[in-house]
Amino acid sequence: MHEITITSGRMNHGIDPVLHAWGWEIPVYLFLGGLAAGLLFFSAYFYLKGKDKTFITAVKTAPMFVPLLLAIGLGALFLDLSHKLYFWRLYTTIRLESPMSWGAWTLLLIFPLSIFWSATFLKDVFPRWECKIPMLGRFIEWLKEQRTWMAYGLIILSAVLGMYTGILLSAFNARPFWNTSILGPLFLISGFSTGAAFILLMSKDAEERRMFSRIDMVLIAIELFLIVHLFMGFLASTEVHIEAAHLFLGGPYTAVFWTLVAGLGLIVPLLAELMELRGLHVPVQIPALLVLLGGLILRFIVVDAGQSSRWLYKFMQ
Amino acid sequence: MARYAMAIDTKRCVGCSDCVAACQTENNVPVGFCRDWIVEEMHGQYPTLDLEIRSERCNHCADSPCVRSCPTGASHYEEGGFVLVTAEECIGCKACIVSCPYDARYVHPEGYVDKCTFCIHRVKEGQDPACVSVCPTHAFIFGDLEDTNSEISKVLRSRKNKTLIPEAGTKPHIFYLI
């Protein structure tokens with residue numbers, strides 16, 4: 001027998017009986033951050049490739065949504081703070097050891113950059129739009145000349161943002177399920193995959209759809225490979241990591257993860273896109289929506305499961 | 001420079017929770033929260049049962065993940081090895097809470113993150129932390145590890161002791177005499 005009890009009675013809100021410090025705000029932000037990173041990456045990459053005439057949705061239209069997505073994500077992050085009026089403290093220091101610190105600084109760079117970037121395409125997306133303020137008009141004209149270096153900046157920053165959404169969690173050694181370096185690349189790839197799905201959903205151009213369908217298939221395949229590796233790594237690691245893996249291999253997250261994330265979020269869209277390529281007609285909205293939903297659910301599950309995995313008091317029922 | 005630590009004798013502790021109540025009173029801990037708690041761990045099978053009673057709290061780790069993960073520097077080391085939170089710098093992001101393998105932190109109803117301070121206000125005046133001074137079985141020894149003649153240094157040399165989950169790699173500074 002091995003029994004552990006806290007006999008003085010500890011019921012700290014958000015900590016006991018199982019840690020629940022982070023609610024819906026964090027997964028929503030991680031999802032929107034990853035999606036925004038994907039959209040910015042594709043826009044900047046295909047702009048530099050000279051595809052701004054062919055992949056109009058990816059290069060010009062999709063980035064219009066990014067400032068809004070990021071604003072909602074940052075709003076969620078702000079709601080999560082329990083000492084809200086002190087949020088500006090984030091920007092009085094840079095703490096390189098803290099992923100949250102350099103995440104905050106990355107957002108401070110990428111958020112305005114995404115606004116500037118999408119501003120340069122306003123005229124292309126809304127041809128009838130006229131800038132009423134001459135100074136602003138001149139500024140946008142000037143920004144258009146800076147597109148190339150902005151695109152390079154966006155490629156680097158979007159990769160950092162996409163990785164960071166995973167590293168934020170993987171840096172916590174106290175939560176065995178998060179404590180794997182796979183989480184950085186997994187969230188990066190998943191974010192880019194949701195970005196590709198978002199573009200697929202909006203694009204009306206057959207060539208662009210074919211391209212992003214292919215990109216999405218490759219990304220989904222990599223994601224499945226990373227998920228297998230995630231569990232292989234856990235199962236080959238220490239006791240707490242093995243227990244963390246078992247949360248998904250027979251434990252409480254098994255059904256929801258393997259059906260909603262792996263099944264409906266990855267394998268079904270992969271097959272649907274494969275069938276589409278083989279000439280069978282599958283409405284593109286179906287795999288695209290499934291990928292987006294799968295990405296969102298993945299983040300909810302990972303944030304939740306990480307907080308359920310622990311080092312101490314494991315025998316406490 | 002001093003390095004404060006605590007040794008808790010599991011052979012003396014009877015699990016009365018006096019340390020918990022003393023901390024709540026001394027530090028105005030909000031109702032419904034606690035900075036320290038009593039854990040009872042039972043091993044074996046009747047009639048050969050082995051019970052270990054521990055008073056647990058923040059381990060004031062020398063390599064604290066909470067200090068590392070804090071984006072503003074609110075979680076910091078104070079001279080003497082205390083791990084503290086500056087409420088006016090804390091944004092309440094809860095990164096430190098999830099980073100702590102001992103689950104020693106919580107969000108204070110006023111919004112900032114709170115935890116055991118080793119009663120630094122008392123230690124600075126030469127007193128023991130509240131939990132230490134109130135213990136009816138004298139199970140606690142609080143002192144400076146840098147001073148080789150301190151009671152805690154001596155007891156850690158002479159008695160078999162352990163820390164909780166040293167494998168988490170945080171260099172905890174609450175020692176349990178076993």
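Which side chains meet in a salt bridge at 3.5 Å, N to O? In this predicted model, the partners are Asp80 of chain A and Lys94 of chain B, whose side chains meet at that distance, taken from nitrogen to oxygen. Side chains of opposite charge can pair when their charged atoms come close. Over all chains the structure holds 20 salt bridges. Asp80(A) lies in helix H2 of chain A, residues 56–80, while Lys94(B) sits in the loop between strand S5 (82–85) and helix H3 (95–99) of chain B, so the pair joins two chains.

From this pair the view can be widened to the whole contact between the two chains. Chain A brings 42 residues to the contact and chain B brings 47 residues, and together the two chains bury about 3,900 Å² between them, with 57% of that area on carbon and sulfur atoms. Of the area that chain A buries against chain B, 15% is supplied by Met1(A), His83(A) and Trp311(A), which is more than any other three residues supply.

The polar side of the contact can be counted as well. Between chain A and chain B there are 3 salt bridges, and there are also 30 residue pairs in polar contact, counted where both residues have a pLDDT of 80 or more. On the side of chain A that touches chain B, strand S1 (2–6) and helix H3 (99–119) of chain A each supply at least two residues, and S1(A) gives the most, with 5 residues. The residues on that side of chain A divide into 19 nonpolar, 14 polar and 9 charged.

Two helices of chain A deserve a separate look, beginning with the one that carries Asp80(A). Helix H2(A) has 25 residues and reaches 36 Å from its first C-alpha to its last, close to the 36 Å expected at 1.5 Å a residue. Along its course H2(A) bends by about 40 degrees at Ala62(A), and a proline, Pro63(A), follows within four residues.

Helix H6 of chain A, which covers residues 147–170, can be checked by the same reasoning: at 1.5 Å a residue its 24 residues should span 34 Å, and because its end C-alpha atoms are 34 Å apart, the expected and modelled spans agree. H6(A) also has a bend, of about 35 degrees, at Tyr164(A).

Definitions and conventions. Residues numbered from 1 in each chain as written. Chains lettered and ligands numbered in written order. Predicted model: local features only at pLDDT ≥ 70, side-chain atom pairs only at ≥ 80, totals over all residues. Heavy atoms only, no water. Expected span 1.5 Å × (residues − 1). Bend = angle between axes of the 7 residues up to and from the residue. Contact = heavy atoms within 4.5 Å. Buried area = accessible area lost by both parts, 1.4 Å probe. Salt bridge = Lys/Arg side-chain N within 4 Å of Asp/Glu carboxyl O. Polar contact = N/O pair within 3.5 Å; in protein donor to acceptor, adjacent residues only side chain to side chain. Nonpolar A, V, L, I, M, F, W, Y, C, P; charged D, E, K, R; others polar.
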